[in-house]
There are 2 protein chains.
Amino acid sequence: MAGNARETGRTVASRILAIFDAFDMQHPQLSLSEISRRAGLPLTTTHRLVTELTRWRGLERDENGNYFIGLRAWEVGLLSPLHTRLREVAQPFMQSLYEASRENVHLAVRDGLDAMYVEKLAGPRSVPIISRTGGRLPMHATGVGKALLAWESPELINTVLSRPLERPTRYTITAPGRLRRELEETRQRGYAVTREEMTLGSCSVAAPVLDRAGAPAAAVGLVVHSVHVEPEKLAPQIRMAADGIASRLEATRDDPYPGYVHDFAANHQRPSPGTGRAGRDR
Amino acid sequence: MAGNARETGRTVASRILAIFDAFDMQHPQLSLSEISRRAGLPLTTTHRLVTELTRWRGLERDENGNYFIGLRAWEVGLLSPLHTRLREVAQPFMQSLYEASRENVHLAVRDGLDAMYVEKLAGPRSVPIISRTGGRLPMHATGVGKALLAWESPELINTVLSRPLERPTRYTITAPGRLRRELEETRQRGYAVTREEMTLGSCSVAAPVLDRAGAPAAAVGLVVHSVHVEPEKLAPQIRMAADGIASRLEATRDDPYPGYVHDFAANHQRPSPGTGRAGRDR
DNA sequence: CGCAACCCTTCCGCTCAGTAGAAGGCTTGC
DNA sequence: GCAAGCCTTCTACTGAGCGGAAGGGTTGCG
């Protein structure tokens, strides 16, 4: 940056992004010094940048002075098409799946070699599970993951198979040959199944949302208790939901915000002035 | 910034934030020049910064080269306690409300003088409505808004009443005196009601989620067709949901991520390398 | 088909915004 | 009472950032 930076060649932008990168699921709130350490920035530099981000509400502080991701950052992130298009289209279909099963309903996309959870519905009686909206899990051990992977290109499948595969439970399929066969069966069957491969005691069924080209744009699935009825009974409904989402995505292809009523809201995009502070959650 | 900036005194950070600010609900995707104009930055400066944001995936480009909010920005935003705490705690309660009514279920917090929608559940048969997760609507015309406002401090209520109040329908209550009385009744009754005040043909019932100090941390509510049964019949369930959320928030006060299973996921916070691109939604 | 009006991208010399050390104040804990 | 943490403010030095200029690509009109 301008000035006598110790580490030259690093842009201001990259430092700001490093500050955001300092936060993750395991570290949703951090002190200034922690941000400084995790971002690899001098304390004073961190202080200055964090102060500016806080003024914008990209970060906020709790009563102890710790920082967490702020309302404005959350608000901006929700303008992503993952939310405005995919989630918006999928939501009613997922709701129907929930009504039919009262179990965890998932919507995921592939990001790199992970399944990334875009939406999750859970009711009071669903199995508690590891997935979270905005979280990532490996593709080979999850229902939606397998549904995403099975319809991918052979190259991508090879890339996944050629890497060490994590093994969260003793039922996780990690042998490349067996996994490859499993993916073929999945493709033929039309939906993916897992049996305690991610978490002991729970199974899942999932189907891909295919685009016009036949590539997997997303996947929907259910996670249920292993002791419950055979998951295969749920498959037809899940397939219907997946196909419904696919055709609705296709139909609204040019609408950046399907299902959204544009009339009134135009005047309400900017925070109205007045006492700041959102909610009192903390 | 460093350099011969035309407009001096503006920080790099503020320019990056201005780029994010260029996007909103009405403009979820923008060309480079549009960003430049809306952010008030020279084209070349915009180009440089946008390129860096894109490398980080805070922005992404569609097939026409237009920019939209990227996966990484979405992912970071979801680390906000609005999502990780409030939404996570509220979700099962909201799901129960949905099961009981099959109508739109809302969760909102106050931000400034607006109601900010944190979560929305809608099924295939719910009334289509204007609210969206991440969106704002005025407090005086919405169910959750009135529930949030009625339990606020007299000062805040006065601030709202002293400003011009928007009038989306002819049933919107905009007379300060009447609105003040309405808020008192709401407080006494324990829940808020609207009748076609935001959208013709739909009514809503909502209850506040009160914190230990009795201040409204959030509000939950339903939006239903006006022709359906009296909304008051839903009130007890909504109150129960609101109280349930309140006590669960209190019980998990020190857990930044209630309901989340921490075991495995630690290894999965970072995007695994490999072919980028999330989903094929566009 | 030529010209105008848009886009987006790369290049590069001038310079002020950014940098980080030093210093001080405030807690917590031994 | 001192050490080890925090966080914050101040300030002088300087290279990262700025944006005009130039060029190339696409669309659309007469």
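**View 1. Helix α1 of chain A crosses helix α1 of chain B**. The model is predicted: local features need pLDDT of at least 70, side-chain atom pairs count only at pLDDT 80 or more, and totals for chains, interfaces and linings use all residues. Residues are numbered from 1 along each chain as its sequence is written, with chains lettered from A and ligands numbered from 1 in the order in which they are written. Each α1 helix spans residues 12–21. Helices (H or I, at least four residues) and strands (E, at least two) are DSSP runs, numbered from the N terminus. The two axes come within 9 Å and cross at roughly 70°. Axes are lines fitted to C-alpha atoms, for helices over the stretch in contact, and angles run from 0 to 180 degrees between N-to-C directions. The pair α1(A) and α1(B) is therefore roughly perpendicular. Angles of 65 to 115 degrees earn that word; those under 35 count as roughly parallel, those over 145 as roughly antiparallel, and the rest as oblique. The crossing is right-handed: the near helix is turned clockwise from the far one by less than a right angle, whereas anticlockwise would be left-handed.

**View 2. Residues where α1(A) meets α1(B)**. From chain A come A:Val12, A:Ala13 and A:Ile16. From chain B come B:Val12, B:Ala13 and B:Ile16. Contact requires C-beta atoms, placed from the backbone, to lie within 7 Å. By class, this contact has six nonpolar, no polar and no charged residues. Ala, Val, Leu, Ile, Met, Phe, Trp, Tyr, Cys and Pro count as nonpolar, Asp, Glu, Lys and Arg as charged, and the others, Gly among them, as polar.

**View 3. Helix α3 of chain A packs with α1(B)**. Helix α3(A) covers residues 43–56. The packing angle is about 35°, and the axes are 10 Å apart. This crossing, too, is right-handed. On α3(A), the contact uses A:Leu49, A:Glu52, A:Leu53 and A:Trp56. On α1(B), it uses B:Ala13, B:Ser14 and B:Leu17. The classes are five nonpolar, one polar and one charged.

**View 4. Helices α6 and α8 within chain A**. Here α6(A) is residues 143–150 and α8(A) is residues 176–189. They pack at about 85°, with axes 9 Å apart. That makes α6(A) roughly perpendicular to α8(A). A:Lys146, A:Leu149 and A:Ala150 meet A:Leu183, A:Thr186 and A:Arg187. Three of these residues are nonpolar, one is polar and two are charged.

**View 5. Helix α6 of chain B is mostly covered**. Eight of its eight residues are buried. Among them are B:Gly143, B:Lys146 and B:Leu149. A residue is buried if 20 or more other C-beta atoms lie within 10 Å of its own, exposed if 12 or fewer, and partly exposed in between, with C-beta atoms placed from the backbone.

**View 6. B:Tyr171 in a loop of chain B**. The loop lies between α7 (154–161) and α8 (176–189). B:Tyr171 is partly exposed, with 15 other C-beta atoms within 10 Å. Leaving aside neighbours within four places in sequence, B:Tyr171 is in contact with B:Arg195, B:Glu196 and B:Glu197. The C-alpha atoms of B:Tyr171 and B:Leu200 are separated by 8.3 Å.

**View 7. A:Ile238 in the largest nonpolar core**. This core has 164 residues. It is a set of buried Ala, Val, Leu, Ile, Met, Phe, Trp, Tyr and Cys residues joined through C-beta atoms within 7 Å. A:Ile238 is among those with the most contacts inside it. Beyond four places in sequence, its contacts include A:Leu97, A:Tyr191 and A:Val220.

Key:
Two residues are in contact if their C-beta atoms, placed from the backbone, lie within 7 Å.
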